[in-house]
Amino acid sequence: MKKVRCVMKKTAVNPPGPIVISGGQAVNRPTDERPSQPFVLPPPEARTGLVLIITGMVLMFIATTVNAWLVSEIEVRDVFEEQEALVGLRQIALCGGGSCSEPNNVQSTAALYGSCYSDVMSSSGGDEWYVDRKCARLKELKTAGDAGSFGLFIGGGLFVFGIIGVVRTNDETRRKNAYSMLIAASALNPVSLLMWYSFLPNMVRGSASLGPGLVLACLASLVGAYGSLVLRHHTKTADH
C-alpha cells in the first residue's frame, strides 16, 4: 500500500498592517508603506561636479543683468552719428559722447527696434524695404538677444529639472538622468553665447572690446563646462 505524503507549499502572506482610525472609519494600512527616506548626498565626485555647475549657472544669471557685454561703436537707427555704446545681452546703453563708465539711456534692443520700425514705417508710407534698411542694425541686435536668451532659457529649465531630479531620489541609477540634464544645461551656456555673438551686426563686432558682462559669462561657461566633465566622469565610473 502506497503512502501518500501531503506536502503543503508555504506561501508568503503579508501580515495585516496596523489599523488606523481615519474620519471615524478603520483603515487597514499595508505594512509595505514606509515613510520617505531622508535625502542622501551624492558621492564626493558628483558633489564637486554639481557645485561647479550650480556656480556656473549662478554666474551666468548675474552676467545677464550686466549692461556691458561689449563696448563698441554703433550708429543707432542709422540716422544718428556713430557713438560708443555698451551692448548687453538684450539691451544697449548709449554713452552720449561721454565716458562709458556712466552710460545713459539704457534701453532694450527689442523696444528700440519696435520704435524704429513704427516711426520709419509711418514716415515712409509703409515701405518695408526702407524700414529694413534703416532699422537693420537694431533688428540684428534684437535677433542676437532673442537667440542668446532662448538658449539660456532652455538651459535654465534643464537645470531646474535636473536639480529636482537629484533631490527627489537617492538611487544613483535614477540620478543619472538628472545628471544628464545638468550637463546639457551647462553645455547650453557657451552655445548661447556663440549664438548671441554670431547674430550681432558686423559694425558691433568689428570695433568691439570685451565688457565685464561677457567676461563673467565666459567664466560661467568655463566653470560649468569643468563641472560637466567631473560629473560625466563620475557617471562613467559608476557604470563600471
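Begin by selecting Ile-54, which in this predicted model is partly exposed, with a relative accessible area of 34%, a value that falls between the 20% limit for buried and the 50% limit for exposed residues. Ile-54 belongs to helix α1, residues 44-64, and if you extend the selection to Val-58, Phe-61 and Ile-62 you will have a nonpolar surface patch whose members together offer about 360 Å² of accessible area.

Next, move to helix α2 by selecting residues 109-123, a run of 15 residues that reaches 21 Å from its first C-alpha to its last, close to the 21 Å expected at 1.5 Å a residue. Colour Thr-109, Leu-112, Tyr-113, Cys-116, Val-120 and Met-121, the buried residues of α2, and turn the view to look down the helix axis: these buried residues fall within an arc of 150°, so they line one face of the helix. An α-helix has 3.6 residues a turn, so residues three or four places apart point the same way. Following α2 you will come to Gly-125, whose phi is positive, near 75°.

Now return to Cys-116 and show its side chain together with that of Cys-135, since the two are joined by a disulfide with an S to S distance of 2.0 Å, the one disulfide that the structure holds. The link is left-handed, with -90° about the S-S bond. Cys-116 lies in helix α2, whereas Cys-135 sits in the loop between α3 (128-134) and α4 (136-168), so the pair ties together parts that are 19 residues apart in sequence. Cys-116 is buried at 1% relative accessibility, and Cys-135 is likewise buried at 1%.

Finally, select Cys-218, which counts as partly exposed at 36% relative accessibility.

Notes
Residues are numbered from 1 along each chain as its sequence is written. This is a predicted model: local features need pLDDT of at least 70, side-chain atom pairs count only at pLDDT 80 or more; totals for chains, interfaces and linings use all residues. Side-chain values use heavy atoms; hydrogens and water are left out. Helices (H or I, at least four residues) and strands (E, at least two) are DSSP runs, numbered from the N terminus. The expected span of a helix is 1.5 Å times one less than its number of residues. Buried means under 20% relative accessible area, exposed over 50%, partly exposed in between (1.4 Å probe, protein chains only). The arc is that of the directions from the helix axis to the C-beta atoms. Patches are made of residues with over 30% relative accessible area and no salt bridge: like charges are joined within 9 Å, nonpolar side chains (Val, Leu, Ile, Met, Phe, Trp, Tyr) within 5 Å. Accessible areas come from the Shrake-Rupley method with a 1.4 Å probe; for residues, only the protein chains shown count as cover. A salt bridge is a side-chain nitrogen of Lys or Arg within 4 Å of a carboxyl oxygen of Asp or Glu. A disulfide is a pair of cysteine sulfur atoms within 2.5 Å.
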